[in-house]
Amino acid sequence: MHSRPGPPNRPSRAIPRADANDQLAAYSKRRRPPMDQYRRHRPADGGAGHLRPGKPRVLEEWDGFAYQVVGTALDLAAAQEWVNEFQIGDEPAR
C-alpha cells in the first residue's frame, strides 16, 4: 500500500479544485503558490530554517507570480506567528 506523504488533513494537490465551468480555471491554478503557502519565512543569513531560532528572518509573500520580500522578523517564533495568520486557501488582502 502506498500512502501520500504529508498531513492526512490536507487535500491532495493531484485532485483539481477548479470549477469545470470556469474558463480561467487553468490560469487560476497556475497562479496558486507552491504548496498553497501564501506566506513563508527564511533565515536572513541563509541556511536551514529550523537552525538558529534567535536569528532574524526574512518574510516573503506570494504575489501571484513569485514570492516577494515584505519585511523581517526578529526571530523564528515571530516569523512563524506571521506565517500562521492565514490558513491554507486564504489569500492575503491586497
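Glutamate 60 is buried in this predicted model, its relative accessible area coming to just 12%. The cut-off for that label is under 20%, so glutamate 60 falls on the buried side. Its partner is arginine 40: the two form a salt bridge, and their closest N and O atoms sit 2.5 Å apart. Arginine 40 belongs to strand β1 and glutamate 60 to strand β2, so this pair ties together parts that are 20 residues apart in sequence.

A second link joins arginine 39 and glutamate 61, whose side chains meet in a salt bridge at 2.9 Å, N to O. Here, too, the strands come into play: arginine 39 lies in strand β1 (residues 39-43) and glutamate 61 in strand β2 (residues 57-62), so the contact ties together parts that are 22 residues apart in sequence. As for exposure, arginine 39 is buried, with a relative accessible area of 11%, and glutamate 61 counts as buried at 10%.

Then there is aspartate 45, which pairs up with arginine 52 in a salt bridge, with 3.5 Å between the closest N and O atoms. Arginine 52 is partly exposed, its relative accessible area being 37%. That value lies between the limits of 20% and 50%, so arginine 52 counts as neither buried nor exposed.

Putting the pairs together, the count for the model comes to four salt bridges. Some of them share partners, and in this way Arg39, Glu61 and Glu85 are joined into one network.

Notes: Residues numbered from 1 in each chain as written. Predicted model: local features only at pLDDT ≥ 70, side-chain atom pairs only at ≥ 80, totals over all residues. Heavy atoms only, no water. Helix = DSSP H or I, 4+ residues; strand = E, 2+ residues; numbered from the N terminus. Buried < 20%, exposed > 50% of the residue type's maximum accessible area, 1.4 Å probe, protein only.
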